[in-house]
Structures are given as structure tokens and as C-alpha cells.
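Work through the exercises below with the sequence and the 3D structure side by side, and try each task before you read its solution.

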Amino acid sequence: MSWGFLRDLLSGVNKYSTGIGRIWIAVVFLFRLLVYVAAAEDIWKDEHDEFECNIKQPGCENVCFDHFFPVSHIRLWALQLIMVSTPSLLVVFHVAYQENREKRHNQKLYKSAGERDGGLLCTYLVSLILKTGFEIVFLVLFYKLYNGFEVPRLVKCDIRPCPNTVDCYISKPTEKMIFLYFLVATSCLCIVLNLSELSYLIFKYFIKCYLNRYIKKHQ
Amino acid sequence: MDWGALHTILGGVNKHSTSIGKIWLTVLFIFRIMILVVAAERVWGDEQDDFVCNTLQPGCKNVCYDHFFPISHIRLWALQLIFVSTPALLVAMHVAYRRHEKKRQFRKGDQKCEYKDIEEIRRQRFRIEGSLWWTYTSSIFFRLVFEAVFMYAFYFMYDGFRMPRLMKCNAWPCPNTVDCFVSRPTEKTVFTIFMIAVSSICILLNVAELCYLLAKFFLRKSKKAGNNKHHSNHENKEETKQNEMNELISDSCQNTVIGFTS
């Protein structure tokens, strides 16, 4: 069980996506998943070992690390990737349900895989809204938990059992900051793609409704 | 999800590339991605653990390491490879879009497109002409830009491509100027120079491919102009336009493509 599962899941959704949806999948694969696995994971690999405090008091380092990193950046990043990809499952389930119904009633309900009408369109729109929602929630969470997207070199800690205010040094802060900004940039790009796909689908739907009404009027 | 997945994605683009494009893809996978995964990652694996400073002051090593290596070589290479591979997706998307249009025409029962079945559309290899030419050329251009930007970033960040053995550091909290020693500097220098050399080869391949495509474009244009001049003695203007349109339609519905031999 690894990221390959997520990749297979998203590839399955590809068939039912719009053009913008496919671009979204490509961005998630290449700029988020691949960067996470190939580069970012290694940066945070030894973050606890390399977190150093200017004190010999046992337990002080552990307590300070836990205070400043309640949930590690890299774990939040992984959770974000999973949560953001999961709404696509709704579309997959809906299609599977439709195919099941078709088999039972022995008739084809849709002409082709690319058609999105009625129920499937609703499901697709809901999945888009959920994806955007999760992206925004995680970005806000990142911002609130870490007071912005900066990673300082030095943090001052005075929690028991540290005897007084102690200097603690974070490892590779600049590299972590660069990748955090990269994460934020790709998140924002994905939000923009989701919103434009949402507006495109809603616009297309209204045009279709309007045209149908216009044709009926003139018949 | 790893570099293998990237290989699967880009492998599909290979079919529609020129011969130089195929060579570029091979160089990318064998001499850059494979070397990165199999060798370079091990060399840089213990870079912070074995980065040693001549001081007992806690925090000095962390701060000095961060000062000299804002972003590790290995991460920069990984980003470079991802960015350089991405423009090929533009071509993949364009081809997928064309296939989608052909399938739509086929389903409508259009007489102009002669395909036996959908499988033939899926297997068809498109010529690099018309709008696909523009997409392909832009993808090569973006590749070149990304390669150049990353090479410059390397040079700028590390003051050249050599890895020194010793670095002098006096960032706070180091009490004074402290000697810090990098682990495996020679091996890192060798791999850096190797990766830069292969990057340069990829840049040259991209430039050659660009020149090849431009030459083909101008040759095709002059051939068409020559044909038109010959025909205008016998036909009037409207018939010429109709002929061009017919050519364009028949070009876009060709069954087999033997445009570029491998």
C-alpha cells in the first residue's frame, strides 16, 4: 500500500474528467506527488535527530520539538495529498453504480464515457467543491499551525523540564521553507484549476438549459 | 509513485517524437534519472550527518549547514528533472485531444475520416504538422528554458560546480569563525560535473531538434509556395484555395504515418 494506489485511483478518474480535470491530475502527479516522493520526504527524514537544543537536560529537546512541531510539515503534506485526491472516488463510485444499474436493466444509459449529464455532473461538481474545500482547509491549517510558511533557524523554548529559555536549532530551515512555498504554490494552482473547471461546467450547463428552452419555444 | 511512473507517462510521448526527441528521452532516463536514483542519492545520503564543524557549540553545525546549502544538490536535480520532463506532457495532451476529436468524428459516421475501428485511431501516430508542430516546438523551447534556468541557479548558488573540502563559517551561534568540513567533496564534485555535462548534452539535443523542426517547416513552406506558383498558371484563385483546404483535410485524416523513421 503506497502512493501507487493513489496514482491508480486518479488514473481511473481521468476518463471521466474534462480537459481542465486532466491538467489537474497531471499537476497533482508531477508537481505534488512526485516532488513529495522524490525530494521532499528526504528533507524531513531526520528532522527529530537533527533538531538540536543548547542544553544537556534530558527530555528538553523532545519536549521542545513536540511543542514546535505538533504535526510535522511532511505529514500534513501527505494528509493533504490524500484528502485532496479522495473526492475523485465519488465519481468512480457513481460510475460503478451506473454500470451496475445498466447491467441489471440491460440497457445503456450513457452514449459514451465522456458524457456528463444529470447525476454524474452533480457528483462531479460536488467532488470539485470538496477538493477545493480540502485544499483551502489544509493551507489555512499550515498557516495557523506554523505562524505562516516560514521555517526559522532558531526557536526559543522554555517548557519544563528545560531549566530556562533555551536556544533550539531546526535543521535545513531554508530548504524546508523553499519546499513549503512550492507546496503552497502548487496548492493555489490546483485551487485555480478546480474553480475554473467548476465555472466552466456550470456555464456549459446553463447554456445548454437555455438553448433547450429556446428550441422548445420555437417548436 | 516514483520515477517509474514518470517513465510510463513520458513513454507515450515517445511515439510522436522525432528521432532526436527519442534520443533525448533515452539520455534523460538513463544518464540522469537512473544515475540520480542509483548513485547520486547515496553520495548525498549522509550529507548533514557527516557535515562536521570544529566546535562543540550546539546549533552551530545546523546553522552553518543551512547557510552553505540552502537547497541540496540532489533536490535541485530532482526538481530540474521534473520541470524538464513536464513540457512533453503538452504534446501528450495535444495528441490525446486530436484522438478524442477523431473518435468523435468516427462515432458520428463522418465520411471524410476513413478508419476501420477505434483501435486504429488509438494506435495512430500523428505527423508533427500544423498545430501539433507549434505545440511540439513550444515544448522544446520550454525544456531549454528550464534547463538553462536550473543550470544558472546551480552556478549562482554554489559559486561554480566545485565542492570545497573546507568551509569557514561565523554565523551565530558559532562563537567565532569555525572550520566546517563537507563529507565526500571529491565524489560530489565528480557527480556534479557529470550531471552538468549531461544537462549540456540535453541542451544541445534540444537545440538540434529545434533547428531540425524549423528547417522542415521552412522547407515545407517553400515547397508549397513552389507548387502554388506552378498551379496558378492553370487555375484561378478560388480553385487554389479549395485545393489547399482539401489538402489540409486529407492531411489530418491520414491513415498511416511514416514521417520520421527511428
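**Exercise 1. Long spans in chain A**

Task: Describe residues 178-203 of chain A by their helix and strand content, and then place them within the record for the chain.

Solution: Begin with the span itself, in this predicted model: residues 178-203 of chain A are 100% helix and 0% strand, and their end C-alpha atoms lie 37 Å apart. Next, turn to the record, where the unreviewed UniProt entry gives the annotation "transmembrane region" to residues 21-39, 77-97, 118-143 and 178-203 of chain A. Then take another of these spans, residues 118-143 of chain A, which is also 100% helix and 0% strand, with 38 Å between its end C-alpha atoms.

**Exercise 2. The corresponding record for chain B**

Task: Find which residues of chain B carry the annotation "transmembrane region" in UniProt, and describe two of the spans.

Solution: According to the unreviewed UniProt entry, the annotation belongs to residues 23-40, 77-97, 132-158 and 191-215 of chain B. For residues 132-158 of chain B, the content is 100% helix and 0% strand, and the end C-alpha atoms are 39 Å apart. For residues 191-215 of chain B, the content is again 100% helix and 0% strand, while the end C-alpha atoms are 36 Å apart.

**Exercise 3. A domain named in the record**

Task: State where UniProt places "domain: Connexin cysteine-rich" in chain A and in chain B, and give the helix and strand content of each span.

Solution: In chain A, the unreviewed entry puts this domain at residues 134-201, a span that is 60% helix and 12% strand and whose end C-alpha atoms lie 20 Å apart. In chain B, the unreviewed entry puts the domain at residues 146-213, and here the span is 62% helix and 12% strand, with its end C-alpha atoms 20 Å apart.

**Exercise 4. A disulfide in chain A**

Task: Determine how far apart the sulfur atoms of A:Cys53 and A:Cys168 are, and which parts of the chain the pair links.

Solution: Recall that a disulfide is a covalent bond between the sulfur atoms of two cysteines. The sulfur atoms of A:Cys53 and A:Cys168 are 1.9 Å apart, and the two residues form a disulfide. This pair links distant parts of the chain, since A:Cys53 sits in strand β1 of chain A and A:Cys168 in strand β3 of chain A, 115 residues apart. The link of A:Cys53 and A:Cys168 is right-handed, with 105 degrees about the S-S bond. Over all chains, the structure holds 6 disulfides.

**Exercise 5. The contact between the chains**

Task: Work out how many residues each chain gives to the contact, and what area is buried there.

Solution: Count the residues to start with: 34 come from chain A and 31 from chain B. The area buried between chain A and chain B is about 3,000 Å², and carbon and sulfur atoms give 66% of it. On the side of chain A, the residues that lose the most area to chain B are A:Leu30, A:Leu34 and A:Tyr169, which together make up 20% of what that side buries.

Now consider charge, remembering that side chains of opposite charge can pair when their charged atoms come close. There are 2 salt bridges between chain A and chain B, whereas the structure holds 12 over all chains. B:Asp66 forms a salt bridge with A:Arg153, with 3.0 Å between the closest N and O atoms. This pair crosses between chains, from helix α3 (residues 60-68) of chain B, which holds B:Asp66, to the loop between α6 (118-145) and β2 of chain A, which holds A:Arg153. A salt bridge also joins the side chains of A:Glu175 and B:Arg75, at 2.8 Å from N to O.

Finally, look at polar contacts and elements. Between chain A and chain B there are 7 residue pairs in polar contact, with both residues at pLDDT 80 or more. The elements of chain A that give two or more residues to the side touching chain B are α1 (3-14), α2 (19-43), β1 (52-53), β3 (166-169) and α7 (173-218). The largest share of that side, 13 residues, comes from α2(A). By type, the residues of the side of chain A that touches chain B divide into 21 nonpolar, 4 polar and 9 charged.

Note on methods
Residues numbered from 1 in each chain as written. Chains lettered and ligands numbered in written order. Predicted model: local features only at pLDDT ≥ 70, side-chain atom pairs only at ≥ 80, totals over all residues. Heavy atoms only, no water. Contact = heavy atoms within 4.5 Å. Buried area = accessible area lost by both parts, 1.4 Å probe. Salt bridge = Lys/Arg side-chain N within 4 Å of Asp/Glu carboxyl O. Polar contact = N/O pair within 3.5 Å; in protein donor to acceptor, adjacent residues only side chain to side chain. Helix = DSSP H or I, 4+ residues; strand = E, 2+ residues; numbered from the N terminus. Nonpolar A, V, L, I, M, F, W, Y, C, P; charged D, E, K, R; others polar. UniProt positions renumbered as here; feature names shortened; annotations may be inferred. Disulfide = S-S within 2.5 Å.
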